Amino acid sequence: FGANFEDESDTGLVIYLPRISIGTLLPKLKAVFDLTSVRQLKISGEHTPVVEAWLFFASLKSLEKITFYAKTPMDTFLIAMTHEQASTLPPFPGLGELIFDWMDFQQSGKQSPSILSSLYEALKARPSSHQLSKVKITNGLGVKNIDVDRLKGVVDVEWDGVENNFLREC
């Protein structure tokens, strides 16, 4: 866990979840820190953050950038991204950039839509006044040209162009 609240131009929260659930950690952080001014969130780990945790971050007007690393599950983030809120603002109203670094975009179940397809639908549904400016994908596992081309219809995509299809265990 790391936080930088001293320099307001780079207010960020870094959460690594190797053994602790964000659902357990977040209430403790909120009790100690004012998280309403967090501008960047970096998250890494194999535990799926609960929807309630994502809904908290989705309510932050200041959150501009989210970076996902390695095996961070995306399902609950995508639920929060499309969640209807009581306010007139969409989820993640200040979000401008999503970064995916070494993310696994492959689906184990063939029945469900791909992660990038679900992300496309979520971004397409956002009001034009709250569109993201960029999605960056580096070393993505299971990323295909067709997925990137589709995303480019709703957001500027920076992709390293590598279609990594290594086994999940690598």
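This is a stop-by-stop tour of a predicted model, with what to select at each point.

**Before you start**

Residues are numbered from 1 along each chain as its sequence is written, and side-chain values use heavy atoms, with hydrogens and water left out. Because the model is predicted, local features need pLDDT of at least 70 and side-chain atom pairs count only at pLDDT 80 or more, while totals for chains, interfaces and linings use all residues.

**Stop 1: the whole chain**

Show the protein chain as a cartoon. Five helices and seven strands appear. Helices (H or I, at least four residues) and strands (E, at least two) are DSSP runs, numbered from the N terminus. Trace the chain along the sequence and the pattern reads β-β-α-β-α-β-α-β-α-β-α-β.

Now switch on the surface. The accessible surface comes to about 9200 Å², and carbon and sulfur atoms hold 52% of that. Accessible areas come from the Shrake-Rupley method with a 1.4 Å probe; for residues, only the protein chains shown count as cover. Of the 170 residues in the chain, 42% are buried. Buried means under 20% relative accessible area, exposed over 50%, and partly exposed in between (1.4 Å probe, protein chains only).

Contacts come next; a contact means heavy atoms within 4.5 Å. Take those with a separation of 6 or more: residues 24 or more positions apart account for 69% of them.

**Stop 2: tryptophan 54**

Select tryptophan 54. It is buried, at 1% relative accessible area. Hide its neighbours within four places in sequence, and look at what is in contact with tryptophan 54: Leu41, Ile43, Pro49, Ile66, Phe68, Thr76, Phe77, Ala80 and Phe92.

Add phenylalanine 57, also in helix H2 (residues 51–58). Tryptophan 54 and phenylalanine 57 are three residues apart there, so about one helical turn separates them. Phenylalanine 57 is buried too, with a relative accessible area of 3%.

**Stop 3: the aromatic rings**

Move to phenylalanine 68 and phenylalanine 77. They form an edge-to-face aromatic pair, 5.0 Å centre to centre with 65° between the planes. Rings of Phe, Tyr and Trp (its six-membered ring) pair if their centres lie within 6.5 Å; planes under 30 degrees apart count as stacked, over 60 as edge-to-face and the rest as tilted. Phenylalanine 68 is buried at 0% relative accessibility, and phenylalanine 77 is buried at 0% as well.

How many aromatic pairs does the structure hold? There are nine. Tryptophan 54 and phenylalanine 57 make one of them, edge-to-face at 6.1 Å centre to centre and 65° between the planes.

Select Trp54, Phe56, Phe57, Phe68, Phe77, Phe92, Phe100 and Phe105 together. These residues form one aromatic cluster.

**Stop 4: the nonpolar core**

A nonpolar core is a set of buried Ala, Val, Leu, Ile, Met, Phe, Trp, Tyr and Cys residues joined through side-chain atoms within 4.5 Å. The largest has 43 residues. Which members touch the most others? Select Trp54, Ile66, Phe68, Phe77, Phe92, Leu98 and Phe100. Helix H4 (residues 115–125) gives the most to this core, with six residues.

**Stop 5: helix H4**

Stay on H4. Its buried residues are Ile115, Leu116, Ser117, Leu119, Tyr120, Ala122 and Leu123. What covers them? Show helix H3 (75–81), strand E5 (97–101), strand E6 (134–138) and helix H5 (145–151), which are among the covering elements.

Then select glutamate 121 and lysine 124. Their side chains meet in a salt bridge, 3.5 Å from N to O. A salt bridge is a side-chain nitrogen of Lys or Arg within 4 Å of a carboxyl oxygen of Asp or Glu. Both residues lie in H4, three apart, about one turn of the helix. Glutamate 121 is partly exposed at 35%, and lysine 124 is partly exposed at 44%.

**Stop 6: the other salt bridges**

The count comes to six salt bridges. Select glutamate 64 and arginine 39, which meet at 3.1 Å, N to O. They link distant parts of the chain, 25 residues apart. Glutamate 64 is in the loop between H2 and strand E4 (65–69), and arginine 39 is in the loop between helix H1 (22–32) and strand E3 (40–45). Glutamate 64 is partly exposed at 36%; arginine 39 is partly exposed at 24%.

Finish with glutamate 158 and lysine 134, a salt bridge at 3.2 Å, N to O. Glutamate 158 is in strand E7 (residues 156–159) and lysine 134 in strand E6, 24 residues apart. Add Glu97 and Lys136: salt bridges that share partners join Glu97, Lys134, Lys136 and Glu158 into one network.
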